[in-house]
Amino acid sequence: MQPRNMSMSGVVDLAAVKAAQEAKTKAEQTRAEAARQGGAGAVSPSDLVIDVDEAGFERDVLQRSAEVPVVIDFWAEWCQPCKQLSPVLERLAVEYDGRFLLAKIDVDANQMLMQQFGIQGIPAVFAVVAGQALPLFQGAAPEEQIRETLDQLVQVAEQRFGLTGLVVDPDAEPGAQPEPAMPAGPYDALLEAAVQALDAGDFGGAVQAYKNVLTDDPANSEAKLGLAQAELLQRVQGMDPQAVRKDAAEKPADAQAQIAAADLDLVGGHVEDAFGRLIETVQRTAGDDRDAVRRRLLELFEVVGTDDPRVVGARRALARALF
């Protein structure tokens, strides 16, 4: 079981996110404590704006989005509105003091990234939060609108993903990257125990073993993948397939009925059926039901592997359904 790289795997509905003052306060306290302890891992203000290309996209955007929301500014030298928008975004990146990182991508030099994001015109601004991509706005928007959008983005990152941003130190050396913390491992024994539990049909034991790894090393990609697989198998273990499929057929707009049927689809190897079922349910539902279906679809993406072409296609279809 090989670790999988983080990738864009979904969209967050900003309009559905309410203010999370308690989470924001806690995040502020975390940032303040990190600064008090000597600014460990601090970056300079100039490091809050970076140029990104296709070769460094995974490292500089996807991986960094696990610690801070990354706002992407798609621009080009010939684009006049870009010349109005980019300085505003750069100034706000510094003003927001590490609550987001600004990644600038020249579309002329990075056509593949432009295509992957489905960009039809520039300037276009996206964000990536914990590996999940979402569109923010297109065109040279007014600064007031940009600030409102960034405020919502910060709230999403703090409330849903626990991302408190970067600690900024004006005296830090520009370009200096902190030494990455070594994982607490090794976890070979725990991971092997999880695999043995899976082989024995002890899905609850496998889930717990993977969670034990993630408690100490939340970024362990092998444990994340294994946990997604074990939880799927645990969910379907006691299902009556005929009853589940009958319920889903009779209740096409019932979120939980469709989620259960999609789990069975995936376990049975019907990957595209599972994805299609949930995307159609996203289109039929709203509110909490819609969000539950979206979350389950993202979980199933992880089980299949986010580099799988079927996941790539379903991800695009999900974005269309949500927006």
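The following exchange concerns helix packing and nonpolar cores in a predicted model.

Visitor: On what basis are the values given?
Guide: Residues are numbered from 1 along each chain as its sequence is written, and side-chain values use heavy atoms, with hydrogens and water left out. Because the model is predicted, local features need pLDDT of at least 70 and side-chain atom pairs count only at pLDDT 80 or more, while totals for chains, interfaces and linings use all residues.

Visitor: Are H10 and H11 roughly parallel or roughly antiparallel to each other?
Guide: Helix H10 (residues 255-267) and helix H11 (residues 271-284) pack at an angle of about 165°, with axes 7 Å apart. Angles run from 0 to 180 degrees between N-to-C directions of axes fitted to C-alpha atoms, for helices over the stretch in contact. Angles over 145 degrees count as roughly antiparallel and those under 35 as roughly parallel. H10 and H11 are therefore roughly antiparallel.

Visitor: Which helix gives the most residues to the largest nonpolar core?
Guide: A nonpolar core is a set of buried Ala, Val, Leu, Ile, Met, Phe, Trp, Tyr and Cys residues joined through side-chain atoms within 4.5 Å, where buried means under 20% relative accessible area (1.4 Å probe, protein chains only). The largest such core has 32 residues. Helices H8, H9, H10, H11, H12 and H13 each supply at least two of them. The most, 8 residues, come from H12.

Visitor: Which residues does Leu-297 touch?
Guide: Leu-297 is among the residues with the most contacts inside the largest core. Contact means heavy atoms within 4.5 Å. Leaving aside residues up to four places away in sequence, Leu-297 touches Phe-275, Leu-278, Ile-279 and Leu-318.

Note on methods
Helix = DSSP H or I, 4+ residues; strand = E, 2+ residues; numbered from the N terminus. Parallel < 35°, antiparallel > 145°, perpendicular 65-115°, else oblique. Buried < 20%, exposed > 50% of the residue type's maximum accessible area, 1.4 Å probe, protein only.
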